[in-house]
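Here is a short briefing to read with the structure open beside you. Take it topic by topic, and find each residue as you go.

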Amino acid sequence: MEAPPSPTAGAAGPRRTHSLAPDDADSRRPAKLSDLSDLVTVGGRLPGYRSRRPCLFERSAATWWDPRFDSDILEGQYRATTLPRIKRRLQMGLTFSLLAALVWCVYVGTARERLLLALLCLLAVLPLLAALAVTETARLERHLVAVSAVAAAALCLLSLLPAAARLPGLPGGAAVTELQLFAWAAVTVTLVYTMVPLPLYGAVVTSVLYSVTLEALTAAAETEAGVAARLLVRTGLHICLHLIGLRTLVLAQVHMRSTFTTVGQTLLTQRQLELEKQLKEKMIYSVLPRSLADWAQDEMTDPAAVSRSAGHGGADLTLPRPAAAGPEICFRPFNMQPMDQVSILFADIVGFTRMSSNKSAEQLVGLLNDLFGRFDELCTRHGCEKISTLGDCYYCVSGCPEPRADHAICCVQMGLAMIAAIKQFDRDNGEDVNMRVGVHTGRVLCGLVGTQRFKFDVWSNDVSMANKMESSGRPGAVHISEKTLHYLRGQYTVTPGEPVADLQTYFIVRRKTLVSQRSEPTSPNDAGPVPIVPLSQKCCSLPCVIEATDTPARVEPLNELSSLDPHTTRAPRPRPGRPDRDAKGRRQSAAARLHFTTVAGSGNLRPLPEERAASDGEEDDLVDDGVDAAQFRLLGVSMSSFNSRKDSGIRSRRSSIQAQIAALNGMKSGDLLTHRMSGYYTSSQSSLMDASNLDMMQRVLDEADALDQQEPEHLLAQQLMQRKLSDLQLVRCVQQMSNKSNYFINPPINRLTLFYKNADFERQYRLQHARRHHAAANALSLPKYNTLVDAVVATIVFVVLAVAVAATLRPAAGWFAVTALLAAWLALVQGVMWWRLAAGVSRDEREPFARAYCWLTGWYPFHVIGGSLAALPAVVVFAGWSCAAWSGDCERAEYYFLAMLVALVHFCNFTQLNCWLKSALAAVAALAMALLVGFSACRCGDDQRLLPTADLSAAMAALVALVAILNREFEISYRLGFCVNMIAARDKAEVQRLKQQADGLLHNIIPEHVADVLKTKAKYSENHRDVGVLFASIINFNDLYDETYHGGKEYLRVLNEIIGDMDDLLHKYTSVEKIKTIGSTYMAASGLNPSLRRDTARPDQHLFELMEFAMDLQKAVAAFNVSLFEFALELRIGYNIGDVTSGVIGTTKLYFDIWGDTVNIASRMDSTGEPGRIQTTQRCALLLAPRFDFERRGEVFVKGKDHMVTYYLKGPRVGGGSAVS
């Protein structure tokens, strides 16, 4: 069933951005640690800053001449992480260079250029071999730039030495041609830019100096006229080579660094996902038993509902009714299990009314929370399962839902401990209250009923009997039934009580024997004699070890007796001291200060509590009980402003409410925060204690101190610290990657085909490889910028080659026509790209441009268009082929081939194209040119010399091989970037789903507006005026209930259906809150959400809604009776208006409830009413008279109020309108 969006779910509104403006309200808002996501993902700029000009990559520094991260922490880890891949790329480049150098030396040797050969071997080949050898050692990391410089210099000398040998007056160089030198220039420039890991400025300076030197030597060796014109053409060709190389280097850096950031984000997200799972499981398992919690998650998690709820902050986690396939009735999912041999404990606070008469709302809820919190701890300690609290009544069970043999002993021990705890409570708070406890053993049905505010509960006649045992008991004693006594195996001294429902009862006096192990229960017939104490003897619920003075002291088992001592129920924990800040022991002080964290606030430093390793080894818990409040300040923030999420780059927000979940995890409100921080905001103690991190952390903390003392832009100081600490955590996650899981060493792709090993990734890659236009940062790594840069480079290369061909060959008119068509095609594609970049593309595929763009960026159309653009320079060169053009001059033919070599290098362009396509196009172009030259009858010069077929073929073969290597290498990088983005998006979606699921389950326990208050407070209690309270009882359900038929389970299925139908009405009435169900009684209230009351036109609007809700309850029951044969359920409703107190109580199980005289009278309106009628007080009738008609019933006796005048609802007033729009 689909629920409408909650009106309060979007209360948080859009995310607010930070500003340093002093008059900006946001500058006064405390920053939150969740804002780390923005600091990591928007290029290091302040959150909210969005430049239209793209940065190089996320978190890039302003040094465009040397691409690097804006954080030394990230930069250092990036270099360490990518070193294996950079090393592999350098080794490939050196290996290729050595093979080419070997061929070159063989050629020079065959030409008998011995001096040149010796110089090449000494100054070029040996340094290359030495550099290759160093790459296999551990010294490479420290000397990477030096090794790269040596390799680049050796590469340059492979062509500069032969060029210098051609100078007049120098021996050798006669066999070296311009074509060979330019081929070496193309290889050298490309390798220096792409395979030699020099800094960007180093690669540019080296390559430019190399090109200038080579051309100067070439020009100096020229003896013919026209040197200037030829030099100009060669300069244009060199510019093309540099442009292609520079584009490849920049985009490779962009993709590698973006991939590194995304890998870190992904690892953080995965770690966060694990913490989220643990946190959610802790929360759910502390509210529901594990078996029921697992079932509820499977049944209630509707992926569509989670998706719908993403916009309003909470998942619709209700139990949907399956659609009926026919006339048969389809019931909701239902989990109700019969359990035998279960002991049920009911406990009531004697004197609660007197205690609450002079207490404010906050005081009352605080006292209840304190007392019930103690009971919760005892419940966990004594092996009991808390069921619920009903006003001042507390009840729990043992042996359910997990059976245990000592269930009766557990409940009796629990009851004794509760009596001891309330006496301690009286001493602590100066009160005079006591406990009346009743225990009965029998059979129960346990499970969940309803779809909203559901809780684990038990039903049976034995549960009612346990309630009677409590009500017939006496203060300060545990009242047990005969059945319970049989399971105690004579371990307790008892005194007889009055029979209840024809069942003999007893009061526990003391424990008769103390055993270290609990005995197995036996049947009643096997029970031994029961020691009976005369009524005249003193009856005390305290154990004999406390009461008797003549009993020798002995050490008792903790689980048996520790809770019975009133002095041990709230033992204080030691307070840790402040970390040492003296100059002495600076290193130890730095280690201690690693517990600092950055949270939003006013400007001080405060350490987190000491970390301790969890005994189960699964996670680190942090103890902060007793830590002084002054210690919890870092850059001036309150601990309450700390929230849980996100992940240097991972978009994660607050997953659940601190105080509640802290209680659900068995921690105090601050423990959870430190628990989550140790997970993924700051590194754990064991990880940051590494010597490699201590100095870094000390510098970070010193900078924070300095920034804090200056107090200029307060928020900026906080954000700098937040970012650095978040960077450290990301770095630690990356460091923990094993070689096997390191994406940079073992990318998840097939080594042969380069397809993803995951077929779904390959499918998504083909769908989205050219359509990902949005990211956390407007970075150059986005495909829209990649393609545009590639197209601009292709345009420049196309123009330069066209001019070079036109200037050297003087081609015919046909060439100009072909070139014009190619230029028009290039201009059309560029125009579409610029239009898309300037105007954007709508995601509505019904629009023509969006539909056309979507088709053009498909896998095959994109490759056809991209392949044509990559091949344009080669096509324009091929179009200029003409034997007549160089029949009189061989220089023209040589420059034509130089242009062809540049066109082959251009096939490195367009990263997004498949590497096999580009390499195949390059190979086809080279093969076609080789065949064209080899089989043509063209001659050049006056002597009709043959064209340099061998030199050209060798040069083209070398370039095609280099292009193939580069294409493969950079497609791996591009695919790796896409892959980690896919993984990050998937993990982010999973984290968001778990967050919504956890929040939805939490809001099913506590109203969302209450949870919002608890974000900044550890407790919640509030007074409300003019609240509507409703009790609706199915009065004949107990008469219909029969345990002889399937143990009563099917009757509870019917109850689950009708309660579920009532819960469904809550989606219609946004002001109505379900409080709980008590058996077959439904309790609801309205006007508890102050923000909703303020937003409505009339403050009393919710009162009318609650009355309409009551009328709809009657209709729902009537419709249910029609749909389900042989049932005639009767509904009786009581309604009252007045002041109430709402609050959240409990530690291990949180419950939201309301108290006050208004609640009591509403309950009396129900219990004194008539079936099928809605009874209200006189004041209610007057307040609701504008829209509803009432009839006077008369005076009715109400317990505690004597006689009251009550009214019955007749129906809505004609013309009164509806309370629900």
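The notes below cover salt bridges, aromatic rings, one helix and the cysteines.

This is a predicted model. It holds 36 salt bridges, 24 aromatic pairs and 0 disulfides.

**Salt bridges**

- Start with Arg 234 and Glu 215, whose side chains meet in a salt bridge at 2.6 Å from N to O. Arg 234 sits in helix H7 (residues 227–287) and Glu 215 in helix H6 (residues 200–221), so this pair links distant parts of the chain, 19 residues apart.
- Both partners of that bridge are out of the way: Arg 234 is buried, with a relative accessible area of 1%, and Glu 215 counts as buried at 7%.
- Next, look at Asp 376 and Lys 386, which form a salt bridge at 3.1 Å, N to O. This pair ties together parts that are 10 residues apart in sequence, because Asp 376 belongs to helix H11 (residues 361–381) and Lys 386 to strand E2 (residues 385–390). Asp 376 and Lys 386 are both buried.
- A third bridge joins the side chains of Arg 763 and Asp 760, with 2.5 Å from N to O. These two residues are 3 residues apart in helix H23 (residues 759–768), so about one helical turn separates them.
- Why can such a spacing bring two side chains to one side of a helix? An α-helix has 3.6 residues a turn, so residues three or four places apart point the same way.
- Are these two partners buried or partly exposed? Arg 763 is partly exposed, with a relative accessible area of 45%, and Asp 760 is also partly exposed, at 36%.
- Salt bridges can share partners too: Arg 85, Arg 88, Arg 89 and Glu 969 are joined into one network in this way.

**Aromatic rings**

- One of the aromatic pairs is Tyr 896 with Phe 897. The ring centres lie 5.7 Å apart and the planes meet at 70°, so this pair is edge-to-face.
- Tyr 896 is buried at a relative accessible area of 1%, and Phe 897 is buried at 0%.
- Tyr 1045 and Tyr 1051 make another edge-to-face pair, since their ring centres are 6.1 Å apart and their planes are at 80°. Here Tyr 1045 is partly exposed, at 43% relative accessibility, while Tyr 1051 is buried, at 16%.
- You can also pick out one aromatic cluster, formed by Tyr 756, Phe 761, Tyr 765, Trp 859, Tyr 974 and Phe 978.
- Rings can have a charged residue over them as well. Arg 766 lies over the face of Phe 755, 4.9 Å from the ring centre, and Arg 1187 lies over the face of Phe 1104, at 4.6 Å.

**Helix H12**

- Helix H12 covers residues 407–429, which is 23 residues. From its first C-alpha to its last, helix H12 reaches 32 Å, close to the 33 Å expected at 1.5 Å a residue.
- How many residues of H12 are buried? The count is 19 of the 23, so the helix is largely enclosed by the rest of the structure.
- Just after H12 comes Gly 430, which takes a positive phi of about 65°.

**Cysteines**

- Cys 379 is in no disulfide, and the nearest cysteine sulfur, that of Cys 396, is 4.1 Å away. A disulfide needs the two sulfur atoms within 2.5 Å, so that pair does not qualify.
- Cys 379 is buried, with a relative accessible area of 2%. Cys 733 is buried as well, at 5%.

Definitions and conventions:
Residues are numbered from 1 along each chain as its sequence is written. Side-chain values use heavy atoms; hydrogens and water are left out. Buried means under 20% relative accessible area, exposed over 50%, partly exposed in between (1.4 Å probe, protein chains only). Helices (H or I, at least four residues) and strands (E, at least two) are DSSP runs, numbered from the N terminus. The expected span of a helix is 1.5 Å times one less than its number of residues. Rings of Phe, Tyr and Trp (its six-membered ring) pair if their centres lie within 6.5 Å; planes under 30 degrees apart count as stacked, over 60 as edge-to-face and the rest as tilted. A charge sits over a ring if NZ of Lys or CZ of Arg is within 6 Å of the ring centre and within 35 degrees of the ring normal. A salt bridge is a side-chain nitrogen of Lys or Arg within 4 Å of a carboxyl oxygen of Asp or Glu.
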